[in-house]
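Here is a small set of exercises to work through with the model open beside you. Try each task before you read its solution.

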Amino acid sequence: MNQITISRPDDWHLHLRDGAAMRDVLPHTAARFARAIVMPNLRPPVTTTALALAYRERILAALPAGSRFEPLMTLYLTDNTPPAEIARARESRVVHAVKYYPAGATTNSDSGVTDLAKCRAVLEVMEKHGMPLLLHGEVTDADIDIFDRERVFIERTLAPLVERFQGLKVVMEHITTREAAEFVTAAPPRVAATLTPQHLLLSRNALFTGGVRPHNYCLPILKREVHRAALVAAATSGNPKFFLGTDSAPHARHTKENDCGCAGMFSAHAGIELYAEVFAAAGAIDRLEGFASHHGADFYALPRNTEKITLVRESWAVPPSVPFGADTLVPMRAGDFVHWRIAGA
Ligand code: NCD
Ligand code: ZN
Ligand code: ZN
């Protein structure tokens, strides 16, 4: 099949940043996706409904004229988030989830949770309001090998959390391991996962092809090929627990090509096209629509999009860099080809 028409997709995990940088990256997403769950790891983080409402206004103001893109906001969970904030978030109707970053796990996670036990009351209120908890699922212990941090998180944090809060909706974000795919598959329907294009397309070899490749560095870090294969199997299985979340995470070029380079890959410029490659290669292009356009909306209890887009199997060259505020950034596949494109775009 060289062409497919699907309902317009949504991105259930996206970093838009703020200010001039946001104005440069937002059009890439708005050209493809109807909605996106917008991550709250700004500096300072989006910890309250009031901050989320203000951030949403800045996003709407930065949209290209005529765009109907809808940002779905999230709150950044801290040790001190008051339970009353959850009720405010629910009433706002624009905050759709709460994000859990283990303190120190990833970009701008310094204010993250140090101990989930401190959040018990908040989690109970979230459970009551049907507010999903989105998790960056990695332990931060220095003695745990970086390639094992997700697996150990499942054992130590996620499994007990799902058990303790029997009504809590949980999304394990950007899963990277066979163990995560297995855990989510076996869990109750209120537990789901997002998958990124890089973890579906690249194994950890891509970090070291001919030398160190900082633009393929993201967290959780790319894993072995057996994990990538398990993630492709999960994404293309048709199981509604698995849905699209690019984790497109823009960083200026010089902050990644650095003594201590930032984690995050930018993929919004090909945010649906890269998944079409994955599904076509797996012989499952007919399951792309469920993964990209239905499962996430159903999980979040939002209406499915009615507008359609058509994807065609045609190669196009990704530029070596794209504007990013006062800087530039290096997008995924820079200087190389993407093999699907959106018709009419
Ligand atoms: C993300 C970022 O840059 O904000 N980076 C990443 O490597 N994925 C943060 C995150 O999603 O963990
Ligand atoms: Zn993360
Ligand atoms: Zn992310």
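The exercises below use a predicted model, and each is followed by a worked solution.

**Exercise 1. The zinc ion (ligand 2)**

Find which residues coordinate the zinc ion (ligand 2), and work out where they sit in the fold.

*Solution.* Start at the metal: His136 through ND1 and His174 through NE2 coordinate the zinc ion (ligand 2) at 2.1 Å. Next, place the two residues in the chain. His136 belongs to the loop between β6 (133-135) and α5 (149-164), and His174 to the loop between β7 (170-172) and α6 (178-186), so this pair ties together parts that are 38 residues apart in sequence. Then check their surroundings: His136 and His174 are buried. Last, consider the geometry. The arrangement is irregular because the four donor atoms around the zinc ion (ligand 2) subtend angles of 54 to 147 degrees. For reference, the ideal angle for four tetrahedral donors is 109.5 degrees.

**Exercise 2. The zinc ion (ligand 3)**

Identify the protein donors of the zinc ion (ligand 3) and describe how they are spaced in sequence.

*Solution.* First list the donors: His13 (NE2), His15 (NE2) and Asp247 (OD) lie 2.0 Å from the zinc ion (ligand 3). Their spacing along the sequence reads H-x1-H-x231-D. Now turn to the angles, which run from 94 to 135 degrees among the four donor atoms of the zinc ion (ligand 3), and the site is classed as irregular. His13 and His15 are both buried. To finish, relate this ion to the one in the previous exercise: the zinc ion (ligand 3) is 3.9 Å from the zinc ion (ligand 2).

**Exercise 3. The buried side of α1**

Helix α1 covers residues 19-30. Decide on which side its buried residues lie and what they pack against.

*Solution.* Begin with the length. The 12 residues of α1 reach 16 Å from first C-alpha to last, close to the 16 Å expected at 1.5 Å a residue. Then pick out the buried residues of α1, which are Ala21, Met22, Val25, Leu26, Thr29 and Ala30. These residues cover an arc of only 140 degrees around the axis, so they are on the same side of α1. A general rule helps here: an α-helix has 3.6 residues a turn, so residues three or four places apart point the same way. Finally, look across from that side: the buried residues of α1 pack against β2 (11-14), β3 (35-38), α2 (49-62), β12 (322-324) and β13 (327-329).

**Exercise 4. Two enclosed helices**

How many residues of α11 are buried, and how many of α10?

*Solution.* Take α11 (residues 288-299), which has 12 residues and spans 16 Å between its first and last C-alpha, close to the 16 Å expected. Of these 12 residues, 11 are buried, so α11 is largely enclosed by the rest of the structure. Among them are Phe291, His294, His295 and Phe299. After α11 comes Ala301, with a positive phi near 55 degrees.

Now repeat the steps for α10 (residues 273-281). Eight of its nine residues are buried, so α10 too is largely enclosed by the rest of the structure. The buried set includes Glu273, Tyr275, Glu277 and Phe279. Just after α10, Gly283 has a positive phi of about 70 degrees.

**Exercise 5. Strand pairing**

Determine whether β4 and β5 run parallel or antiparallel, then do likewise for the sheet that contains β1, β10 and β15.

*Solution.* Strand β4 (residues 70-76) is joined to β5 by four bridges, and the two run parallel. One bridge to follow is that of Leu75, whose partner in β5 is Val98. Strand β5 (residues 95-100) has six of its six residues buried, so it is largely enclosed by the rest of the structure.

Next, the three-stranded sheet is open, ordered β1-β10-β15, with antiparallel pairing. β1 (3-7) and β15 (341-342) stand at the edges, each with a single partner strand, so one side of each has no neighbour in the sheet. Two bridges link β10 (residues 308-312) to β15, and Val312 stands opposite Arg341 in β15.

**Exercise 6. One residue in α6**

Is Ala180 buried or exposed, and which residues does it touch?

*Solution.* Ala180 lies in helix α6. Its relative accessible area is 0%, and Ala180 is therefore buried. Leaving out residues up to four places away in sequence, Ala180 touches Glu150, Ile154, Met172 and Ile175.

Methods:
Residues numbered from 1 in each chain as written. Chains lettered and ligands numbered in written order. Predicted model: local features only at pLDDT ≥ 70, side-chain atom pairs only at ≥ 80, totals over all residues. Heavy atoms only, no water. Donors = N, O, S within 2.8 Å, 3.2 Å for Na, K, Ca; no water. Tetrahedral: all angles 85-135°; square planar, octahedral: opposite > 155°, others 65-115°. Buried < 20%, exposed > 50% of the residue type's maximum accessible area, 1.4 Å probe, protein only. Expected span 1.5 Å × (residues − 1). Arc of directions from axis to C-beta. Contact = heavy atoms within 4.5 Å. Pairing = 2+ DSSP bridges.
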